[in-house]
Every structure is written in structure tokens, then in C-alpha cells.
Amino acid sequence: MKTIFRSIKNFIKETDKILLLLCMLTSAFGCVCVLSATLRTITDSSRFSRDFIVMVAAVIMGIAIAVIISMIDYEFIMRLWPVIALFCIGIMIITLRFGTGPNDRPDVKTWLKLGETGIFFQPSEIVKIGFIITFGVHLEKLKNNINHPLSILQLGIHALIPIGLVVVSGDMGSALVFIIITVAMLFTAGLHWGYFLGGGLLALAAAPLAWIFVLGDIQKNRFLALIYPDLYPNIIYQQERGLAAIGGGGITGQGLFNGTYTQRGVVPESKNDMIFSVIGEELGLIGCVAALLLLTFIVLRIAGTGRHDKLGKTKVMCYGVAAMIAGQVIINIGMCLMLLPVIGITLPFFSAGGSSNISIYFAIGLIMSFYRYNQQRELIDVSQSNINNPFMDI
């Protein structure tokens, strides 16, 4: 029993309590917003909406997973990269074969239905974490020759495999997040700026081809709707109503559970992609700033874990996770403010859904493992330094 208490005490002492508390607080904020967004769907036989219950369960499960992962030495996790890579490729292939999509997008295959439970899981969410691990290991192996053309070729193929599988599934939003993660990790690893310049020019040159051969009609119309909203009223409707809801909240908001648009269900998918409209309408500018500050603190805390990695093995993965969260935040809020087209990206910790919430805590658990075991290794390194030890001659 003493051993168990000692282990718990050591875990509490060594783990990144600030990051975990920030994530738990942000998730609690998100759960309340989802409850408000789905209040009208509650029947007389239940006290809470199904989406709220699923999200709370996912958050609790995610926190437990994060704690468990944080107890595992990241060196062991990194050694499992071949298994992780095969799992990620396998589950994406299964999704392409047996997956399904939203009712209005029969052409995509982004979700897997878990038997007859009525629960759907989005594999690309967990594949993001797997990619950060495998790509981080790859960068670690090539760190001394990162700018060699052969290294660039290997890394390019590595990144294109998950991106290509996600694009084929029809999930362009996740594909964009994968690209953001890739660029952030390559930059952190020290790739020469010339490669980024060349890649950017190549992307611009390929943009017309992507418009013609990659994007579907729905995706094209979402871009055009931002420029010509009057010509695409049915497509821009969601964003216009979301922006109106945010504007209607003013400084202090209309009050939790009292948003005019939110409680009438005027904004489609207000519990998912447009959850920021709920925050803006009911909690106003103050609520929006609070949500953004929480997310910013989480991103900075994760980046700080990477920045303080003296051994250099986990830095790129920390920045990969930070870029993933920051990228999704920017894209989602850009959608809500009509600055970007709707591409199905959730707001981390806030949007409803089991897949995104569980997966984000997988990443948090990984960061907590980095934090914990890097601290221990730094202590070991200090003892092996050139400081004179009076006991060496004994």
C-alpha cells in the first residue's frame, strides 16, 4: 500500500499539472457550451442531451487515457513507431472501404460506425497523433542530414501517405491540418528556408490543378460563397447566421442558455463546427476572449515543454501537437467569422464529439510523458556532468 501511495505521490509531483488543469478547465467550458447548444433537443425522459453525455464521457475517458499515457516512458512509445504507422494506414484503408459520411455528403468516407451502438468514430483524428509520433521519430533519425535531398524525399513520402489517404476519403479539412503539422515539425527540425519557399511556390503553381481535379463541387462552392454570398444563399447560410449570433452577443453576451439563435437552433451544427457562435452569442466578447486565452495557454504550455527539452528528442513532436491545436483553432474561428470556407474542422476542447475529444487527450498524454521523463533524464544528466564529486575517490 505504501508503494502505491508513493507512486501516486511521485506521479503528482512529476506530471505537468498546469497543462492537465488547463485542459480540464477548457473541456468543462466546452461541455457547458455543448449543453447549451443542444438544450432544445432534450426530451422529457432525460435531463441532458445525448451530445452532452457523449462529450462528457469522452472527456472523462480522454483524461484517463492521458494520465495512463503520461506514465509510459516516451522512449517506449517512440520504439513502437512501426506498429503505430501500420495501425494508422490500416484504419484509414478500412475507413475508405467501410466508412460513411454526413447525410449531405454521400461522396465522403470519414467515419466508422462502431457496430450497432449508433456511435461514430473519425479515424483521421487519432491518425493525426500517430503521424506526429512517426514523423517525429523519422525526423530524429535524419536530424544530422535533414537538408539532404534524399532526406527530403523520404520525409515527403512519409507525409504524403496520410495526407493522400485523408484527401481520398474526402476530408479536406483534416488534410489541411496534416499539412500544418508537417510544416511546423519540419521548421522546428531545422529544414532550410529555401525548401519552404520552393514548396510554397510549388503549391501556388499546383493550386489551379487542385481546384479542377481535387476539390469537389461542394468544396468549390464554399469558397465561392465567401466571395459571392448572394449567389450561394443556401451554402453561406450557416456562416452568416453564425456570424450574426456572435455579433448579437455584444460584450457580455445574452446569458448562458439564453442565446436567441442558439436556443432556436438557427445556426446549423452549432454544437460542432460553429460552437464559437454559441460562446459569442451567450457569453459575448468576454467569453470569446476567455476561450481563446485558455486555448492559447494550452498551446504555449505544450510549446514550452518542447522548448525545454534539453535532449532534443521530443521538441519537434511538441511543436507538432501545438501546431495541430493552433491550426484547428485558427481554421475553425476563421470559418465562424466568414474569413475561411466551412471545411469541417472542430474547435479543440469545445466542439461536441467523442473522436476529437478523446484524440486530443491522447496528444496531451504524450506531451505529459515528454514533460515527466525529460525531467528525470535531465536530473540524470546533471549527475553525469563535470561537477567535482567528493565521493568519487572513496
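User: Let's start with H138. Which helix is it found in?

Analyst: This is a predicted model, and in it H138 belongs to helix α6, residues 123-141.

User: Why does H138 count as buried?

Analyst: Its relative accessibility is 16%. Buried means under 20%, so H138 makes the cut.

User: And what is H138 in contact with, leaving aside neighbours within four places in sequence?

Analyst: H138 touches Q154, L155 and H158. Contact here takes heavy atoms within 4.5 Å.

User: On to helix packing. Why are α13 and α14 called roughly antiparallel?

Analyst: Helix α13 (residues 275-307) packs on α14 at about 165 degrees, and their axes are 8 Å apart. Anything over 145 degrees counts as roughly antiparallel, so the label fits α13 and α14. As for handedness, α13 and α14 cross in a left-handed way.

User: Which residues of α13 and α14 meet?

Analyst: On the α13 side, the list includes F276, L292, L295, I298 and V299, as well as R307. On the α14 side, K315, C318, Y319, V321 and A322 are among them, along with C336. Sorted by class, the α13 and α14 contact has 16 nonpolar residues, three polar and two charged.

User: What makes α10 and α11 roughly perpendicular?

Analyst: Helix α10 (residues 217-227) and helix α11 (residues 233-248) pack at about 65 degrees, with 9 Å between their axes. The roughly perpendicular range is 65 to 115 degrees, and therefore α10 and α11 get that description. Here the crossing of α10 past α11 is right-handed.

User: Where do α10 and α11 meet?

Analyst: N221, R222, A225 and L226 of α10 come up against I235, I236 and Q239 of α11. That contact of α10 with α11 breaks down into four nonpolar residues, two polar and one charged.

User: Now the cysteines. How many disulfides does the rule give?

Analyst: Zero. The cut-off is sulfur atoms within 2.5 Å of each other.

User: How do you know that C23 is in no disulfide?

Analyst: Look at the distance: the nearest cysteine sulfur to that of C23 belongs to C318, and it is 13 Å away. A disulfide would need the pair within 2.5 Å, so C23 doesn't qualify. Turn it around and C318 gives a matching story: its nearest cysteine sulfur is that of C23, 13 Å away, and C318 is in no disulfide.

User: Are C23 and C318 buried or exposed?

Analyst: C23 has 0% relative accessibility, and C318 has a relative accessible area of 0%. With buried set at under 20%, C23 is therefore buried, and so is C318.

User: What about backbone phi? Which loop holds M338, for instance?

Analyst: M338 sits in the loop between α14 (315-336) and α15 (354-383). Its phi is positive, about 60 degrees, although M338 is not a glycine.

User: Why is M338 called partly exposed?

Analyst: The number is 23% relative accessibility. Buried stops under 20% and exposed begins over 50%, so M338 falls in between and counts as partly exposed.

User: Where does F349 lie, and what is its phi near?

Analyst: F349 lies in the loop between α14 and α15. Phi of F349 is near 75 degrees, positive again in a residue other than glycine.

User: What makes F349 buried?

Analyst: At 2% relative accessibility, against a cut-off of under 20%, F349 counts as buried.

Note on methods
Residues are numbered from 1 along each chain as its sequence is written. This is a predicted model: local features need pLDDT of at least 70, side-chain atom pairs count only at pLDDT 80 or more; totals for chains, interfaces and linings use all residues. Side-chain values use heavy atoms; hydrogens and water are left out. Axes are lines fitted to C-alpha atoms, for helices over the stretch in contact, and angles run from 0 to 180 degrees between N-to-C directions. Helices (H or I, at least four residues) and strands (E, at least two) are DSSP runs, numbered from the N terminus. Angles under 35 degrees count as roughly parallel, over 145 as roughly antiparallel, 65 to 115 as roughly perpendicular and the rest as oblique. A crossing is left-handed if the near helix is turned anticlockwise from the far one by less than a right angle, and right-handed if clockwise. Ala, Val, Leu, Ile, Met, Phe, Trp, Tyr, Cys and Pro count as nonpolar, Asp, Glu, Lys and Arg as charged, and the others, Gly among them, as polar. Buried means under 20% relative accessible area, exposed over 50%, partly exposed in between (1.4 Å probe, protein chains only).
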